[in-house]
Amino acid sequence: PKLFSKSRSEHLFGDGKKTLAIDYGLKRIGLAVGIGIAPRPLKVLKNHSNETLIAREIIRCGRGQDVSNYIVGLPIDREGEETVMSGIARNFTQVLAQELYFQFDESSVSMWDERFSSKGAEALLYHQKNLAYIDSVAACLILEHYYEMGGEGAEVISLPESLERIAQSEDKAEKEAPRLFTPVDIEAVDREKDTLKRTIMKNRKK
């Protein structure tokens, strides 16, 4: 049976660009990929607590799938409030955005309300013994909902202010480089040497 059906997103995301959805958990991280319709589970990664290494591993998976858009699930409670896990997911999303920047990757990064995604995955796979698989299905549900809503309401993660300053200072340094390294006038240096020699010779004669 099909877990995911086509939606109006077929027309909204028909540009051939792939999106990687991430269901970030403290123990496991589910990944799913799609091109606007019928997202499919990709894999499940173990969370070994090193966010930078996890981000790099996810980027490698994304490049292997020719992904240009990353969606990270944002945990929200039933009352629509953010939780402790929301802050953890937000922190990881910033790390992912930074790693993409440092690797000169222009892929976009966004967060999407993942409310009920994990519970929905558990309901769909009630008899599934492989619990890890639930995480990748949860990522599928995040991505399917994102497609169904046409991406409206996604929280786009912009370049952190600190990285903006780094980028600006790098541009400034590059522009000012010619001023810092003035070409040496070799002829002028030779003239100064000759003048100095003549002065020394005169002093010796005296």
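**Entry 1: helices H2 and H3.** I looked up how helix H2 (residues 51-64) lies against helix H3 (residues 84-102): their axes come within 9 Å and cross at roughly 60 degrees. That makes H2 oblique to H3; angles under 35 degrees count as roughly parallel, over 145 as roughly antiparallel, 65 to 115 as roughly perpendicular and the rest as oblique. Axes are lines fitted to C-alpha atoms, for helices over the stretch in contact, with angles from 0 to 180 degrees between N-to-C directions. Helices (H or I, at least four residues) and strands (E, at least two) are DSSP runs, numbered from the N terminus.

I worked on a predicted model, in which local features need pLDDT of at least 70, side-chain atom pairs count only at pLDDT 80 or more, and totals for chains, interfaces and linings use all residues. Residues are numbered from 1 along each chain as its sequence is written, and side-chain values use heavy atoms, with hydrogens and water left out.

**Entry 2: the nonpolar core.** I noted that the largest nonpolar core (buried Ala, Val, Leu, Ile, Met, Phe, Trp, Tyr and Cys residues joined through side-chain atoms within 4.5 Å; buried means under 20% relative accessible area, with a 1.4 Å probe and protein chains only) has 27 residues. Ile58, Tyr70, Phe92 and Leu96 are among those with the most contacts inside it. H3 gives this core its largest share, seven residues. Strand S1 (18-24) and strand S4 (67-74) are among the elements that give two or more.

**Entry 3: tyrosine 70.** Leaving aside neighbours within four places in sequence, I found tyrosine 70 in contact (heavy atoms within 4.5 Å) with residues including Ile58, Leu96 and Val109. A second, separate core of ten residues includes Trp112 and Tyr146.

Notes. Buried < 20%, exposed > 50% of the residue type's maximum accessible area, 1.4 Å probe, protein only.
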